[in-house]
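Student: I would like to go through this model with you step by step. Could we begin with the terms and then move on to the details?

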Amino acid sequence: MSAILPAAAQDTIRFGTALSLTGNLATEGKLVREGYDFFVKTVNERGGMEVAGKKYKVEIVYYDDESNVNTSVKLYEKLISEDKVKFLLGPYGSGITIAVSNITEQHKLPMVIAHGAASTIYNRGYKYIFGVLNSIDHYTYNMLKMAVEQKLTRLALLNENQLFPQLGIDGAARQAKELGVEVVYKEKYSSGSKDLSPELEKMKAARPDMIIAGGYTNDMILLARQIAQVGLKPKLLGYLLGPTLPGFVKSLGSEAELTLEPVQWSINVPYRDQIFDWTARGYADAFQKVYGHVPDYHPIQSTAALQVYYNAFQKVGGFNPEKVRDAIAATDIVTAYGPIRFNDKGQNVAKSMSVVQIQDGKPVVVYPADVAETKLKLNP
């Protein structure tokens with residue numbers, strides 16, 4: 001009964017998370033929080049979450065993990081042990097998510113992950129973690145399929161020596177082999193590197209016609225600048241993340257043009273939300289009115305994670321964490337983000353990814369054909 005009484009007595013459902021609100025992942029962490037907060041604002045303005053005929057206000061207990069794994073672990077312990085939060089939302093980033101999920105699993109409390117894509121998160125047999133996003137093994141597949149269709153055959157790969165980019169680029173190398181693309185260069189660089197030109201000079205000598213790079217936003221801005229500086233001119237230049245994030249195009253100007261990114265979501269995916277009745281574009285419009293910018297995929301992934309909980313609470317008719325966990329495992333819903341259905345590892349197996357290209361300073365979907373806004377352009 002103790003898990004039910006706090007929510008019923010206060011007429012409030014509390015979630016908890018530690019996010020990278022400062023530190024090297026703060027750019028992404030801010031977007032993550034906006035998506036969580038947008039859900040809270042939307043639900044509370046409608047009178048709250050309706051569970052078993054009663055409305056509950058929603059609130060989120062936030063801490064700043066400063067983009068630090070050890071800090072995040074301590075803060076999730078605090079959320080669980082001191083704040084008595086029963087329903088956890090994931091942090092930002094795969095390395096941090098792996099560490100904090102050890103804590104939530106030990107306490108047998110559900111955590112819905114919106115921003116941890118590493119497949120290793122989900123390969124440990126854990127029963128209380130669920131990720132709404134496609135895991136990293138899906139990121140580069142459509143980019144490489146697209147390259148093959150353009151008759152590109154020589155691929156260069158570079159990544160920061162961190163879990164998410166390493167797994168993404170290793171996955172690209174495997175997929176390239178399957179698709180008959182030759183990997184002519186593959187290296188990693190140390191976190192915090194201020195000059196990537198030595199790696200890029202070696203890459204240039206390998207004569208790639210396509211480059212895929214993996215790292216976080218600031219590194220990818222540096223990389224784009226230095227690719228231009230060393231005179232590398234691939235037909236296609238893709239990143240695991242970067243081009244759609246606020247600040248990328250603004251920082252780079254023309255050097256951002258024609259860059260590619262696989263995205264978990266775009267505003268013209270063909271889904272209608274069964275909880276809020278949003279289309280993808282409707283979500284984007286409503287979000288922009290609040291935050292003043294068009295959302296990339298980060299905010300709506302956060303919103304989708306909370307929708308998974310909302311659906312589970314309604315199925316259970318209450319807030320028992322074990323029953324909620326079982327209801328989450330059985331999730332089968334459609335959101336403005338896309339369909340969500342989990343396999344026995346807790347991975348969302350119901351949606352796929354699109355490829356975005358920066359054209360005329362704006363991100364547009366170019367692949368696959370059924371959701372493309374316009375055609376892919378190759379660098380001259």
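Tutor: Helices here are DSSP runs of H or I with at least four residues, and they are numbered from the N terminus. Please also keep in mind that this is a predicted model.

Student: Understood. In which helix does Y309 lie?

Tutor: Y309 belongs to helix 12, which covers residues 297–316.

Student: Is Y309 buried or exposed?

Tutor: Y309 is buried, because its relative accessible area is 0%, and the cut-off for buried is under 20%.

Student: Which residues does Y309 touch, apart from those up to four places away in sequence?

Tutor: Y309 touches F15, F87, L88, L89, P110, M111, V112, V324 and I328. Of these contacts, L88 is 221 residues from Y309 in sequence, and the two C-alpha atoms are 9.8 Å apart in space.

Student: What about Q288, where is that?

Tutor: Q288 is placed in helix 11, which spans residues 280–291. Its relative accessibility is 34%, so Q288 counts as partly exposed. Beyond four places in sequence, Q288 touches H293 and V294.

Student: How far is Q288 from K84?

Tutor: Their C-alpha atoms are separated by 33 Å, with the two positions 204 residues apart along the chain.

Student: Let us step back to the whole chain. How many helices and strands are there?

Tutor: The protein chain has 13 helices and 15 strands.

Student: And what does the radius of gyration say?

Tutor: The radius of gyration is 21 Å, which agrees with the value near 21 Å that a compact globule of 380 residues would have. Along the principal axes, the C-alpha atoms fill a box of roughly 65 × 40 × 35 Å.

Student: What share of the residues is buried?

Tutor: Buried residues account for 57% of the 380 in the protein chain. The accessible surface is about 15200 Å², and carbon and sulfur atoms contribute 48% of that.

Student: How are the contacts spread along the sequence?

Tutor: Taking contacts between residues at least 6 apart in sequence, 67% join residues at least 24 apart.

Student: What about the charges?

Tutor: There are 42 positive and 40 negative charges, and their mean positions are 2 Å apart.

Student: Now the strands. Which way do the residues of strand 10 point?

Tutor: In strand 10, residues 236–239, L236 and G238 point one way while L237 and Y239 point the other way. All four of these residues are buried.

Student: Which strand pairs with strand 10, and in which sense?

Tutor: Strand 9, residues 210–214, pairs with strand 10 in the parallel sense over 4 bridges. Within that ladder, A213 has Y239 as its bridge partner in strand 10.

Student: How do strands 14 and 15 run, parallel or antiparallel?

Tutor: Strand 14, residues 354–359, and strand 15 run antiparallel and are joined by 5 bridges. One of the bridge pairs is I358 with P363 of strand 15. The two strands form a hairpin with 2 residues between them, and D360 in the turn has a positive phi of about 55°.

Student: Let us pick a residue there. What is known about V364?

Tutor: V364 is found in strand 15, which covers residues 362–367. It counts as buried because its relative accessibility is 17%. Leaving aside neighbours within four places in sequence, V364 is in contact with V355, V356, Q357, Q359, E373 and T374. V364 and V230 are 134 residues apart in sequence, and their C-alpha atoms are 27 Å apart.

Student: Which backbone features deserve a second look?

Tutor: Some background helps: most residues other than glycine have a negative phi, and most peptide bonds are trans. In this model, a cis peptide bond joins Y367 and P368, with omega about -5°. P368 is found in the segment after strand 15.

Student: Where is A52, and what is its phi?

Tutor: A52 lies in the loop between strand 2 and strand 3, and its phi is positive, near 50°. At 64% relative accessibility, A52 counts as exposed.

Student: And D277, what is its phi?

Tutor: D277 has a positive phi of about 65° although it is not a glycine. D277 lies in the loop between strand 11 and helix 11. Its relative accessible area is 49%, so D277 is partly exposed.

Definitions and conventions: Residues numbered from 1 in each chain as written. Predicted model: local features only at pLDDT ≥ 70, side-chain atom pairs only at ≥ 80, totals over all residues. Heavy atoms only, no water. Rg over C-alpha atoms; globule rule 2.2 N^0.38 Å. Buried < 20%, exposed > 50% of the residue type's maximum accessible area, 1.4 Å probe, protein only. Contact = heavy atoms within 4.5 Å. Areas by Shrake-Rupley, 256 points an atom, 1.4 Å probe, with all protein chains shown as cover. Lys, Arg positive; Asp, Glu negative; His and termini not counted. Charge placed at Lys NZ, Arg CZ, Asp CG, Glu CD. Pairing = 2+ DSSP bridges.
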